[in-house]
Amino acid sequence: MKVHVDKDICISCGLCINICDEVFQWGDDDKAEAIEEEISEHLEGDIREAIESCPTEAIEEI
Ligand code: SF4
């Protein structure tokens, strides 16, 4: 799986980065970004949790 953060609706709460900093990190614009590579299977549980926890539903599976 791969994920994408819609920066237009990210409110920089940091939740996704707290849940999985192997996949999410801060961009120069202080919005969250996701790595572009395919995500390892062992992180998929964390990623699903991040998708469900994001308060603005800014993270989508692509
Ligand atoms: S959880 Fe959502 S709103 Fe919060 S930093 Fe991550 S993408 Fe942005």
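This passage describes a predicted model of a protein chain with a bound ligand, moving from the overall fold to individual residues.

The overall fold is a good place to begin. The protein chain contains 2 helices and 4 strands, and from the N terminus on these elements follow the order β-α-β-β-α-β. The radius of gyration is 10 Å, close to the 11 Å given by the globule rule for 62 residues, so the chain is as compact as a globular protein of that length. Taken along the principal axes, the C-alpha atoms fill a box of roughly 30 × 20 × 20 Å. Of the 62 residues, 21% are buried. Contacts between distant parts of the sequence feature strongly in the count: among contacts with a separation of 6 or more, 62% join residues 24 or more positions apart.

The ligand comes next. It is surrounded by 14 residues, and the closest are Cys10, Cys13, Cys16, Ala32 and Cys54. By character, this shell divides into 11 nonpolar and 3 polar residues, with no charged residue present.

Several individual residues help to fill in the picture, starting with the first half of the chain. Ser12 sits in the loop that runs between strand E1 (3-5) and helix H1 (15-19). Its phi is near 60 degrees, a positive value in a residue other than glycine. Most residues other than glycine have a negative phi. Ser12 counts as partly exposed because it has 14 C-beta neighbours inside 10 Å, and the partly exposed class lies between the limits of 12 or fewer for exposed and 20 or more for buried.

A positive phi is also found at Asp30, where the angle is near 65 degrees. This residue belongs to the loop between strand E2 (24-26) and strand E3 (32-34). Asp30 has 10 other C-beta atoms within 10 Å and is therefore exposed.

Helix H1 holds Leu15. With 16 other C-beta atoms within 10 Å, Leu15 is partly exposed. Leaving aside neighbours within four places in sequence, Leu15 is in contact with Ser53 and Cys54; Cys54 is also one of the residues closest to the ligand. Between Leu15 and Leu43, which are 28 residues apart in sequence, the C-alpha to C-alpha distance is 16 Å.

Further along the chain, Gly45 is part of helix H2 (residues 44-53). Only C-beta positions placed from the backbone enter the neighbour count, and Gly45 counts as exposed because 11 such neighbours fall inside 10 Å. A distance of 17 Å separates the C-alpha atoms of Gly45 and Val5, two residues that are 40 apart along the chain.

Beyond H2, the loop leading to strand E4 (59-61) includes Thr56. Thr56 is exposed, as 11 other C-beta atoms lie within 10 Å. Even so, Thr56 has partners far away in the sequence: not counting residues up to four places away, it touches Ile9, Cys10 and Ile11. Cys10, for its part, is listed among the residues closest to the ligand. The C-alpha atoms of Thr56 and Asp6 are separated by 9.6 Å, although these two residues are 50 apart along the chain.

Notes
Residues are numbered from 1 along each chain as its sequence is written. This is a predicted model: local features need pLDDT of at least 70, side-chain atom pairs count only at pLDDT 80 or more; totals for chains, interfaces and linings use all residues. A residue is near a molecule or strand if its C-beta atom, placed from the backbone, lies within 6 Å of it. Ala, Val, Leu, Ile, Met, Phe, Trp, Tyr, Cys and Pro count as nonpolar, Asp, Glu, Lys and Arg as charged, and the others, Gly among them, as polar. Two residues are in contact if their C-beta atoms, placed from the backbone, lie within 7 Å. The radius of gyration is taken over C-alpha atoms; the globule rule is 2.2 Å times the number of residues to the power 0.38.
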